[in-house]
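Take the chain from the whole to the details. Begin with the vocabulary, then follow the strands, the cysteine links and the unusual backbone angles.

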Amino acid sequence: MSTKIKGEHLYSRSFVTRKWTFLLCFASFCFGMFFTDRMWNIPESRDMARPSVTEAERLKLISEGCDPKTLYQKEVKRDPQALFGEVSKTHNAIQTLDKTISNLEMELAAARSAQESLMNGAPISNDMVKKQLPGKRRYLMVVGINTAFSSRKRRDSVRTTWMPQGEKRKKLEEEKGIIIRFVIGHSATAGGILDRSIEAEDRKHGDFLRLDHVEGYLELSGKTKTYFSTAFSMWDADFYVKVDDDVHVNIATLGETLVRHRKKPRVYIGCMKSGPVLSQKGVRYHEPEYWKFGENGNKYFRHATGQLYAISRDLASYISTNQHVLHKYANEDVTLGAWFIGLDVTHIDDRRLCCGTPPDCEWKAQAGNICVASFDWTCSGICRSADRIKEVHKRCGEPENAIWKATF
């Protein structure tokens with residue numbers, strides 16, 4: 001009896017122990033899982049501010065020795081000559097970039113002009129065929145003498161006075177970088193007697209620049225635009241000059257005058273004036289678009305007189321690139337000035353480009369101040385120039401060897 005009771009008691013204690021053991025193990029497992037999850041997910045403290053990206057970068061800079069204060073102190077202690085050297089290098093790099101852009105603009109304009117000439121079926125001269133190529137020579141100036149079909153005597157008078165002929169003209173191009181051509185377009189009847197006479201004259205002298213332009217007094221503005229575009233596409237020069245065929249010019253003095261402004265950007269040189277805007281029909285220099293210049297009696301903006309003026313290479317490039325959108329007024333000199341009004345252009349008023357005929361230019365020559373150009377204001381050129389230009393050249397012209405002694 002006692003033995004049975006004892007056995008049951010042991011069985012009962014063993015059973016309880018196993019049961020509680022299982023429960024304790026299960027509870028321990030659950031508690032362990034809960035405790036482990038709490039340990040791995042650390043809550044952010046509301047009082048603890050996490051560093052922002054900017055602060056983190058600043059801490060990184062400080063740790064690497066790049067504290068802004070330290071950097072500022074280092075900049076202050078740097079050698080001023082070293083800083084100046086860096087600024088100079090940057091400036092030179094910018095100038096080189098500007099020059100590269102300018103060259104690319106010139107090549108693009110030249111390609112456009114040649115393409116347009118081909119598309120329009122215009123004749124292309126040998127100079128146009130030998131278009132601008134990298135490394136091609138840069139000339140000092142291209143002088144275009146504006147002429148007409150009826151001006152043969154004027155052209156001959158210019159050839160016998162201030163415009164070198166034959167080998168001398170070629171030498172002028174090769175040694176001095178000066179190109180001189182008579183500028184003329186075509187007649188309304190292509191291939192007519194007027195065109196054939198110019199072609200014959202050109203075969204004899206070889207001093208014409210033919211334009212894709214129909215000649216006419218009311219078309220001078222369009223002719224000027226075509227001249228600059230064509231000359232720019234054919235020759236790379238520092239300056240492009242337009243002069244009338246009844247004006248006397250001292251070439252060496254013109255070159256020396258232009259050279260003084262060679263390093264300036266966007267230069268427009270001439271005798272600047274501002275005449276009245278003429279609204280009356282039938283009068284000379286009538287402006288059909290007078291209403292664009294304000295009330296009656298207003299004056300034009302400053303522009304160079306049309307007898308002779310010069311523009312720098314970048315302005316010729318501008319005309320060539322934008323020729324299709326440049327507006328033409330009735331008067332050629334006003335038109336050119338209008339194209340530059342909205343640009344950052346340096347207007348240079350040089351009165352030596354508009355001297356009077358003797359005794360005016362003669363007195364100045366005797367005083368050592370030789371004129372660039374001479375003409376009569378009353379005639380907008382030399383009155384009866386075919387007969388009188390020889391006298392003007394004799395009394396107001398520079399020495400014959402001046403052009404060969406000049407250094408440009």
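Helices (H or I, at least four residues) and strands (E, at least two) are DSSP runs, numbered from the N terminus. Pro 359, for instance, lies in the loop between S8 and H13. The peptide bond that leads into this residue from Pro 358 is cis, with omega near 15 degrees.

This is a predicted model, in which local features need pLDDT of at least 70 and side-chain atom pairs count only at pLDDT 80 or more, while totals for chains, interfaces and linings use all residues. Residues are numbered from 1 along each chain as its sequence is written, and side-chain values use heavy atoms, with hydrogens and water left out.

How confident is the predictor? pLDDT is its confidence in each residue, from 0 to 100. The chain averages 82, and 68% of the residues score at least 70. Residues 1-15 have a pLDDT below 50, and this stretch has 0 contacts in the model beyond near neighbours in sequence. A contact means heavy atoms within 4.5 Å. Residues 39-49 are also below 50, with 1 contact beyond near neighbours in sequence. Where pLDDT is low, the predicted coordinates should not be read in detail.

Now the overall picture. The chain has 15 helices and 9 strands. Of its 408 residues, 40% count as buried. Buried means under 20% relative accessible area, exposed over 50%, and partly exposed in between (1.4 Å probe, protein chains only). The chain exposes about 24800 Å², and carbon and sulfur atoms supply 57% of that area. Areas come from the Shrake-Rupley method with a 1.4 Å probe; for residues, only the protein chains shown count as cover. Among contacts with a separation of 6 or more, 75% are between residues 24 or more positions apart.

Strand S6 is a good place to enter the fold. It spans residues 267-273, and 6 of its 7 residues are buried, so the strand is largely enclosed by the rest of the structure. S6 has pairing partners in S8 and S7; two strands pair if DSSP finds at least two bridges between them. With S8 (residues 346-349), S6 runs parallel, joined by 4 bridges. Tyr 268 has His 347 of S8 as its bridge partner. With S7, S6 runs antiparallel, and 5 bridges join the two. Here Lys 273 is matched with His 303 of S7.

Just ahead of S6 sits Arg 266, in the loop between helix H10 (251-259) and S6. Its phi is near 50 degrees, a positive value in a residue other than glycine. Arg 266 counts as partly exposed, at 30% relative accessibility.

Move across to S7, residues 303-312, where Gln 307 is found. Gln 307 is buried, with a relative accessible area of 6%. What does Gln 307 touch? Leaving aside residues up to four places away in sequence, its contacts are Lys 242, Val 243, Asp 244, Val 247, Phe 375, Ser 380 and Gly 381. A polar atom of its side chain lies 3.2 Å from the backbone oxygen of Ser 380. Ser 380 itself is in the loop between S9 and H14. This serine has a positive phi of about 55 degrees although it is not a glycine.

The cysteines come next. A disulfide is a pair of cysteine sulfur atoms within 2.5 Å. The whole structure holds 4 of them. In sequence order, the bonded cysteines pair as 1-2, 3-5, 4-8, 6-7.

One link returns to S6: Cys 271 is joined to Cys 354, S to S 2.1 Å. The torsion about this S-S bond is about -100 degrees, so the disulfide is left-handed. Cys 271 lies in S6 and Cys 354 in the loop between S8 and helix H13 (360-366), so the pair ties together parts that are 83 residues apart in sequence. Both cysteines are buried.

Another link joins Cys 355 to Cys 371, also S to S 2.1 Å. It is left-handed, with -90 degrees about the S-S bond. Cys 355 is in the loop between S8 and H13, and Cys 371 in the loop between H13 and strand S9 (373-374), so the pair ties together parts that are 16 residues apart in sequence. Cys 355 is buried at 0% relative accessibility, and Cys 371 is buried at 2%.

Cys 361 and Cys 396 form a further disulfide, S to S 1.9 Å. This one is right-handed, with 60 degrees about the S-S bond. Cys 361 lies in H13 and Cys 396 in helix H14 (residues 385-396), so the pair ties together parts that are 35 residues apart in sequence. Both are buried.

How values were computed:
A polar contact is a pair of N or O atoms within 3.5 Å; within protein, one must be able to donate a hydrogen and the other to accept it, and residues adjacent in sequence count only if both atoms are side-chain atoms. pLDDT is the predictor's confidence in each residue, from 0 to 100.
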